[in-house]
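Q: I have a model open on my screen and would like to go through it residue by residue with you. Could you help me make sense of it?

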Amino acid sequence: MNPKENVCISIDPEILSKAKKEIGEDDERIDATLKIIKEWLKKQPHLSCSPDDRFFLMYARGCKYSIEKIKRKIDLCLTMRALLPEIFSGWDVLNSNIQNALKYGIMLPLPGYDRLGRKVFVYRMGCFPPEKVKVEDLEKASGMVAEVLAYEEPVIFITGVVVIVDFEGYSLSHLTHRPLSFMKRSRQNTSRLLFRKLDAGPASPKSINFIRTPTAFNAVYNLVMGILNDKMKQRLKVHGSDFESLYKEVPKAILPSDYGGEGPSTAQLTDFWKKKVEDNRDFLLQQQKYLADESKRFGKPKTTEELFGIEGSFRKLAVD
């Protein structure tokens, strides 16, 4: 299914009922909100934004129809895309580097949903040989997968997502593999980049689960906790090697067989998402064009230093 060709994608009536009850969504509110945001964008010469109503609707739902929050997140999303070309440009799936990155399946959305209707993602931090693939290309590949999913499964912006971060195979070489220029853009702190990306996105992570964590994990974990608000801290869970603990958060029925689950293996999922991205090449080539132009922004232009906290204080990340 090509997201560019499917403007109307059905959502289960029960989920729509949930949206109406929890975030007050109805046809009138959708129309009013999209009209306001589109009018606002006309007055933002620095923002080149997708005209697709699905883009606006994912932010409306993810922000619970808070107009000012929708504006802030859209601006942050497009600003990040402009300031991090290492991740958000060069989205051509036929490029040999992207092909190479996709074959490792570092980020895999799982088929189906958990007990609460949430989409589950697995991030496999140590699944690739650092000497054979660039971290920038892995980030691009993950972003392309997420972009296709966002347009094909709008339900995630109502129910939210669950993240599993798997450190199996992760070593010091994976950390030092990140080029200096790339690390400088994220304050030499991978956690800030990760959670700023979450802040810019419309989908709310309802639970982040760390498994098979290495010895040095606690130091990184403490840094991450330092930039999260209390609500988000409660959503982080460290399972280590205790898969029974993980199963209490994510049902076996949707977990990959590699994780003791009943779903497709990570190898099968990697092949699936590689083909899915390939099938949506034209869509992704267009998506990479939507970004901010700081030379046209009213007032002080945004910089990577400001965005990632090098200048001034880095505010605590608040994710609903």
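Q: Is Arg118 buried or exposed?
A: This is a predicted model, and in it Arg118 is buried, because its relative accessible area is 13%, which falls under the 20% cut-off for that class.

Q: And where does Arg118 sit in the fold?
A: Arg118 is found in the loop that runs between β1 (107-109) and β2 (119-124).

Q: Which side chain does Arg118 make a polar contact with?
A: The side chain of Arg118 is joined to that of Asp114 by a polar contact of 2.7 Å.

Q: What else is Arg118 in contact with, if I leave aside its neighbours within four places in sequence?
A: With those left aside, Arg118 is in contact with Tyr113, with Thr159, Gly160, Val161 and Val162, and also with Lys206 and Glu249.

Q: Let's zoom out for a moment: how many helices and strands are there?
A: The protein has 17 helices and five strands. Of its 320 residues, 54% count as buried, and its accessible surface comes to about 15,000 Å², with 53% of that belonging to carbon and sulfur atoms.

Q: How much of the contact network is long-range?
A: Among the contacts in the protein with a separation of 6 or more, 77% are accounted for by residues 24 or more positions apart.

Q: Why is helix α3 described as largely enclosed?
A: Helix α3, which covers residues 53-62, is largely enclosed by the rest of the structure because nine of its ten residues are buried. The buried ones are Arg54, Phe55, Phe56, Leu57, Met58, Tyr59, Ala60, Arg61 and Gly62.

Q: What follows α3?
A: Lys64 follows α3, in the loop between α3 and α4 (67-83), and Lys64 has a positive phi of about 55 degrees although it is not a glycine. Tyr65 is found in that loop between α3 and α4 as well, and its phi is also positive, near 65 degrees, in a residue other than glycine.

Q: How do Lys64 and Tyr65 stand in terms of burial?
A: Lys64 counts as partly exposed at 41% relative accessibility, whereas Tyr65 is buried, with a relative accessible area of 4%.

Q: Turning to the interior, which residues have the most contacts inside the largest nonpolar core?
A: That core has 77 residues, and those with the most contacts inside it are Phe56, Ile74, Leu78, Ile164, Val250 and Leu255. Helix α7 (residues 135-152) gives the most to this core, with eight residues.

Q: What does Ile164 touch?
A: Apart from its neighbours within four places in sequence, Ile164 is in contact with Val120, Phe121, Val122 and Tyr123, with Asn209 and Ile211, and with Leu246, Val250 and Leu255. There is also a second, separate core of twelve residues, which includes Phe167, Val224, Leu228 and Leu236.

Q: How many cavities of 30 Å³ or more are there?
A: The count comes to two cavities of 30 Å³ or more, and the largest cavity has a volume of about 70 Å³.

Q: What lines the largest cavity?
A: The lining is made by Ala101, Leu102, Gly105, Ile106, Met107, Leu108, Ala141, Ser142, Val145, Thr270, Trp273 and Lys274. The elements that give two or more residues to this lining are α6 (96-102), β1, α7 and α15 (266-279).

Q: New topic: is His46 buried or exposed?
A: His46 is buried, with a relative accessible area of 3%, and its place is in the loop between α2 (27-42) and α3.

Q: Which partners does His46 have?
A: The side chain of His46 makes a polar contact of 3.3 Å with the side chain of Arg297. Not counting residues up to four places away in sequence, His46 touches Asp75, Leu291, Ala292, Asp293, Lys296 and Arg297.

Q: Last two, please: what about Glu86 and Ser241?
A: Glu86 lies in helix α5 (residues 85-88) and is buried, with a relative accessible area of 17%; Glu86 and Lys140 are 54 residues apart in sequence and 7.7 Å apart in space, C-alpha to C-alpha. Ser241, in the loop between β5 (236-240) and α14 (243-247), is exposed, with a relative accessible area of 63%. Ser241 and Asp166 are 75 residues apart in sequence, and their C-alpha atoms are 9.9 Å apart in space.

Technical notes
Residues are numbered from 1 along each chain as its sequence is written. This is a predicted model: local features need pLDDT of at least 70, side-chain atom pairs count only at pLDDT 80 or more; totals for chains, interfaces and linings use all residues. Side-chain values use heavy atoms; hydrogens and water are left out. Helices (H or I, at least four residues) and strands (E, at least two) are DSSP runs, numbered from the N terminus. Buried means under 20% relative accessible area, exposed over 50%, partly exposed in between (1.4 Å probe, protein chains only). A polar contact is a pair of N or O atoms within 3.5 Å; within protein, one must be able to donate a hydrogen and the other to accept it, and residues adjacent in sequence count only if both atoms are side-chain atoms. Contact means heavy atoms within 4.5 Å. Accessible areas come from the Shrake-Rupley method with a 1.4 Å probe; for residues, only the protein chains shown count as cover. A nonpolar core is a set of buried Ala, Val, Leu, Ile, Met, Phe, Trp, Tyr and Cys residues joined through side-chain atoms within 4.5 Å. On a 1 Å grid over the protein atoms alone, a cavity is a set of points where a 1.4 Å probe fits but cannot get out, and a pocket is an open set with protein on both sides within 12 Å along at least five of seven lines; lining residues have an atom within 4 Å of a point. Grid points are joined across faces, edges and corners, and a volume is the space filled by probe spheres set on the points.
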